[in-house]
Amino acid sequence: MHILIVYGTTEGQTRKVATFLADHIRQRGNEVTLLDSTEAPRSVDVDAYGAVIAAGSVHNGRHQASLFQFVRNHRHALQTKPTALVSVSLSMASDDLQDHVEAAACADRFITASEWTPTVTHLVAGALRYTQYDFFKGWILKMIAGAKGASTDTDKDHEFTDWSDLEAFVDAFLKQVHEHGDLIAKPSAGPTLDDGVNQSQQA
Ligand SMILES: Cc1cc2nc3c(=O)[nH]c(=O)nc-3n(C[C@H](O)[C@H](O)[C@H](O)COP(=O)(O)O)c2cc1C
């Protein structure tokens, strides 16, 4: 199976997540094309892939515009195959259920606006890269992190991504992908004309 992973990232954590997914899917014997949504040509032939994962991160309540554009442009082709939306945010690092509801609402807004319904949506806790932010970004993130109960220690970076949870997600997705592939390969799993003839002969 050849799987396309297209990702949007602003500070790099979603690239790390997408690369992890790609490595894992390859280890399971599949082929993967990994595309940064800012570099994805409009002419990408989505129909050439057996499944697609779109991954992006949340900034001020929204995912990357380039990822949104990719998904919207290809929504009809995406609708015909197993697909997943992976949404990376700080809200998912919080212990407060209300923050998780907020993360789900961001993913839902993306889905509604793009008019694409992924087979599965997976919400992932991201990272705080304080050492890479400029002063203003660092200040904003310290406020957001404080509100979500995440670390405000700006002397170091903090990664909240649960890699074993991500591994479980991708294994479950691959199972769905292969089941879908089997169905496509055997479209006439129901009774065939021959079956009917045989049954009536037996009766
Ligand atoms: C300027 C800025 C705004 C952010 N806004 C949100 C937000 O509205 N909600 C949220 O849950 N996380 C927010 N985050 C946290 C990011 O989603 C998190 O850092 C994620 O790991 C970023 O992924 P990336 O490195 O792939 O861009 C924000 C981060 C930054 C730097």
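Which residues are the closest to the ligand, and how many surround it?

## Around the ligand

This is a predicted model, so treat what follows as a reading of that model. In it, 23 residues surround the ligand, and the closest are Glu-11, Thr-14, Ser-57, Ser-89 and Gly-126. Four elements each give two or more residues to this shell: α1, β4 (83-89), β6 (127-128) and α5 (135-147). The top contributor is α5, with four residues.

What is the shell made of, in terms of nonpolar, polar and charged residues? Polar residues number 12, nonpolar ones nine, and charged ones two.

## The β-α-β unit

Over at the start of the chain, strand β1 (residues 2-7) pairs with strand β2 (residues 31-36). The two run parallel, joined by six bridges. If you want a spot to look at, find Leu-4, which sits opposite Thr-33 in β2.

Add helix α1 (residues 13-27) to those two strands and you have a right-handed β-α-β unit. Helix α1 is also one of the elements that give two or more residues to the ligand shell.

## Two loop residues with positive phi

Most residues other than glycine have a negative phi. Two residues here go the other way. Asn-60 has a phi near 50 degrees, and it lies in the loop between β3 (51-57) and α2 (65-73). Glu-115 has a phi of about 60 degrees, and its place is the loop between α4 (97-114) and β5 (120-125).

Are these two buried or exposed? Asn-60 counts as exposed because it has 7 C-beta neighbours inside 10 Å. Glu-115 is exposed too, with 12 other C-beta atoms within 10 Å; the cut-off for exposed is 12 or fewer.

Conventions
Residues are numbered from 1 along each chain as its sequence is written. This is a predicted model: local features need pLDDT of at least 70, side-chain atom pairs count only at pLDDT 80 or more; totals for chains, interfaces and linings use all residues. Two strands pair if DSSP finds at least two bridges between them. A crossover is right-handed if, with the strands pointing away from the viewer, the path from the first strand over the helix to the second runs clockwise. A residue is near a molecule or strand if its C-beta atom, placed from the backbone, lies within 6 Å of it. Ala, Val, Leu, Ile, Met, Phe, Trp, Tyr, Cys and Pro count as nonpolar, Asp, Glu, Lys and Arg as charged, and the others, Gly among them, as polar. A residue is buried if 20 or more other C-beta atoms lie within 10 Å of its own, exposed if 12 or fewer, and partly exposed in between; C-beta atoms are placed from the backbone.
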